[in-house]
Amino acid sequence: PFDPATVDWVYPEFDTEISADCPPADGTAERTIDFDGPPPTCIDVEKSYSAVFATSEGEITVELDAATTPSTVNNFVYLARNHYFDATECHRIIVGFVVQCGDPTASGSGGPGYQFEDELPEAGEDQLGSVAMAKSGPDTNGSQFFIVTGEDGAALQPDYALFGQVTSGFDDTVAAMEAAGAAGELVEITEVVIITS
């Protein structure tokens, strides 16, 4: 099995200059689900970013925390603007715990072809509606993420990069996603749109 301790990790400094290699913000990029390496800098940490998820159960809006987790938000924005999350299944749903998505293979082991370093929260920061990265060990973030849906999820140790908070759609859409998953029904993200302000 993969052992993160055997890898010589390289952590580039977060660059504040937006790269020309970023997908266009207007959503016109072609869908890409496999990449050669971590994304270039595609966000401006002085701006605010939110993600609007269209799902099979309704719409969710997530406020992204670029100030605290710039690399993680940059990664999410990069993937979303490359339509990476479009038409993907939320493959792991545990009632009272989390809804986990972001794997285009829906196998639980898929990713974008690279991994990047952790940006970890303080203990006790997770709450209902928190959005955090799923991973297989230290510094193994890729594309999978989860939404905390219950107290068991909120009680997780601060081992997962907490990069967003659901600001609308938690009580209806996320609850419906959780219920559908519990019933064995397919729960799908149809599209993620990034809003900048």
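This is a short talk about the disulfides, the sheet and one pocket of a predicted model.

Hi everyone. Some ground rules: in this predicted model, local features need pLDDT of at least 70, side-chain atom pairs count only at pLDDT 80 or more, and totals for chains, interfaces and linings use all residues. Residues are numbered from 1 along each chain as its sequence is written, and side-chain values use heavy atoms, with hydrogens and water left out.

Let's start with the cysteines. A disulfide is a covalent bond between the sulfur atoms of two cysteines; here, a pair counts when the sulfur atoms are within 2.5 Å. How many disulfides does the structure hold? There are two. With the bonded cysteines numbered in sequence order, the pairing reads 1-2, 3-4.

Take Cys22 and Cys42: their sulfur atoms sit 2.0 Å apart. The pair links distant parts of the chain, 20 residues apart, and both cysteines are in the segment before strand S1 (49-55). By strand I mean a DSSP run of E with at least two residues, numbered from the N terminus. The angle about the S-S bond is -95°, and this link is left-handed. Are these two buried or exposed? Buried means under 20% relative accessible area, exposed means over 50%, and partly exposed is in between, using a 1.4 Å probe and protein chains only. Cys22 is buried at 17%, and Cys42 is buried at 5%.

Now look at Cys90 and Cys101, joined with an S to S distance of 2.1 Å. Cys90 lies in the loop between S3 (88-89) and S4 (92-94), and Cys101 lies in S5 (residues 98-101), so this disulfide ties together parts eleven residues apart in sequence. The torsion about this S-S bond is about 95°, so the disulfide is right-handed. Both Cys90 and Cys101 are buried.

Next, the sheet. Strands of a sheet pair through backbone hydrogen bonds, either parallel or antiparallel; to count as paired here, two strands need at least two DSSP bridges between them. We have an open sheet of nine strands, paired antiparallel, in the order S3-S9-S1-S2-S8-S6-S7-S5-S4. Why does one side of S3 and of S4 lack a neighbour in the sheet? Both stand at the edges with a single partner strand each, so one side is left free of a neighbour. Further in, S1 and S2 (residues 58-64) run antiparallel, joined by seven bridges. One example is Ser50, whose bridge partner in S2 is Glu63.

That's my tour, thanks for listening!

Terms used: Helix = DSSP H or I, 4+ residues; strand = E, 2+ residues; numbered from the N terminus.
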